[in-house]
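Reader: I am new to this structure and would like to look closely at a single part of it. Please choose one region, take me through it slowly, and then show me how the surroundings are arranged.

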Amino acid sequence: MEQLHFQYKAERVITKRGYVGVVASGDLEILVEPSPNGIAQVDIRTQTEGFRQIWQAIFDRFFQDYNIAAQIQINDFGATPGVVNLRLAQVVEVID
């Protein structure tokens with residue numbers, strides 16, 4: 001199991017918590033809560049090792065588009081980048 005951590009400067013304040021997905025084969029869950037300090041923090045636990053660059057590319061693009069000050073926790077069970085992007089879009093809808 002690999003654990004990854006990313007941090008981004010963020011400006012958009014959120015006030016709600018959100019949860020989407022389920023940890024199951026080929027899927028993942030995302031938990032989001034407001035960040036108190038204007039910094040977005042992403043913590044990922046994944047069973048698939050060696051994909052740090054792909055995860056970073058996904059979140060670089062995500063924070064360019066959404067720029068939310070949030071603490072994001074992801075529990076991954078082999079989700080593809082497409083599934084990750086889908087779940088991220090869903091959690092943004094939940095917290096908006």
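Author: The region I have chosen is a helix contact, and a word on axes is needed before it: axes are lines fitted to C-alpha atoms, for helices over the stretch in contact, and angles run from 0 to 180 degrees between N-to-C directions. Please keep in mind throughout that this is a predicted model. With axes taken in this way, helix 1, which covers residues 52-65, and helix 2, which covers residues 81-95, pack at an angle of about 35 degrees, and their axes are 11 Å apart. The crossing in which helix 1 passes helix 2 is right-handed. On the side of helix 1, the residues that take part are Ile54, Trp55, Ile58, Phe59 and Phe62, and they meet Pro81, Val84, Asn85, Leu88 and Val92 of helix 2. Sorted by class, this contact holds nine nonpolar residues and one polar residue, with no charged residues.

Several of the names in helix 1 return when we turn to the aromatic rings. In general, a pair of such rings is described by two values, the distance of the centres and the angle of the planes. The count of aromatic pairs in this model comes to six. One of them joins tryptophan 55 to phenylalanine 59, with 6.4 Å from centre to centre and 15 degrees between the planes, and this pair is stacked. The two residues both lie in helix 1, where they are four residues apart, about one turn of the helix. Because buried means under 20% relative accessible area, tryptophan 55 counts as buried at 6%, and phenylalanine 59 is buried as well, with a value of 0%. Another aromatic pair is formed by phenylalanine 62 and tyrosine 66, which is tilted, with 5.0 Å between the centres and 35 degrees between the planes. Here the two partners fall into separate classes, for phenylalanine 62 has a relative accessibility of 5% and so counts as buried, whereas tyrosine 66, at 29%, is partly exposed. Ring pairs link Tyr8, Trp55, Phe59, Phe62, Phe63 and Tyr66 into a cluster.

The cluster includes Tyr8, and this residue takes us from the helix to strand 1, which spans residues 2-9. Along that strand the side chains alternate, so that Glu2, Leu4, Phe6 and Tyr8 point to one face and are buried, while Gln3, His5, Gln7 and Lys9 point to the other face and are not. Strand 1 is paired over eight bridges with strand 5, residues 39-46, and the two run in the antiparallel sense; within this pairing, glutamine 3 has arginine 45 of strand 5 as its bridge partner. Strand 5 also holds alanine 40, which counts as buried at 0% relative accessibility. Leaving aside residues up to four places away in sequence, alanine 40 touches Phe6, Gln7, Tyr8, Ala10, Phe63, Ile68 and Ala70, and among these Tyr8 and Phe63 are members of the ring cluster described above.

Beyond helix 1, the chain passes through a loop that leads to strand 6, and asparagine 67 has its place there. Asparagine 67 has a positive phi of about 50 degrees although it is not a glycine, and with a relative accessibility of 22% it counts as partly exposed. Strand 6 itself covers residues 68-76 and is joined to strand 4 by seven bridges, the two running antiparallel; in this pairing, valine 32 stands opposite isoleucine 72 of strand 6. Strand 4, residues 28-34, is also joined to strand 3, residues 18-21, by four bridges, again antiparallel, and there tyrosine 19 has leucine 31 as its bridge partner. Leucine 31 is partly exposed at 28%, and apart from residues up to four places away in sequence it touches Gly18, Tyr19, Gln71, Ile72, Gln73 and Asn75. The hairpin of strand 3 and strand 4 has six residues between the strands, and in it glycine 26 takes a positive phi near 75 degrees.

The path back to the helix contact leads through the loop between strand 6 and helix 2, where threonine 80 is found. Threonine 80 is partly exposed, with a relative accessible area of 45%, and although 53 residues separate it in sequence from aspartate 27, their C-alpha atoms are 7.8 Å apart in space. Helix 2 covers residues 81-95, and its Pro81 is among the residues that meet helix 1.

Definitions and conventions: Residues are numbered from 1 along each chain as its sequence is written. This is a predicted model: local features need pLDDT of at least 70, side-chain atom pairs count only at pLDDT 80 or more; totals for chains, interfaces and linings use all residues. Side-chain values use heavy atoms; hydrogens and water are left out. Two strands pair if DSSP finds at least two bridges between them. Rings of Phe, Tyr and Trp (its six-membered ring) pair if their centres lie within 6.5 Å; planes under 30 degrees apart count as stacked, over 60 as edge-to-face and the rest as tilted. Buried means under 20% relative accessible area, exposed over 50%, partly exposed in between (1.4 Å probe, protein chains only). A crossing is left-handed if the near helix is turned anticlockwise from the far one by less than a right angle, and right-handed if clockwise. Contact means heavy atoms within 4.5 Å. Ala, Val, Leu, Ile, Met, Phe, Trp, Tyr, Cys and Pro count as nonpolar, Asp, Glu, Lys and Arg as charged, and the others, Gly among them, as polar.
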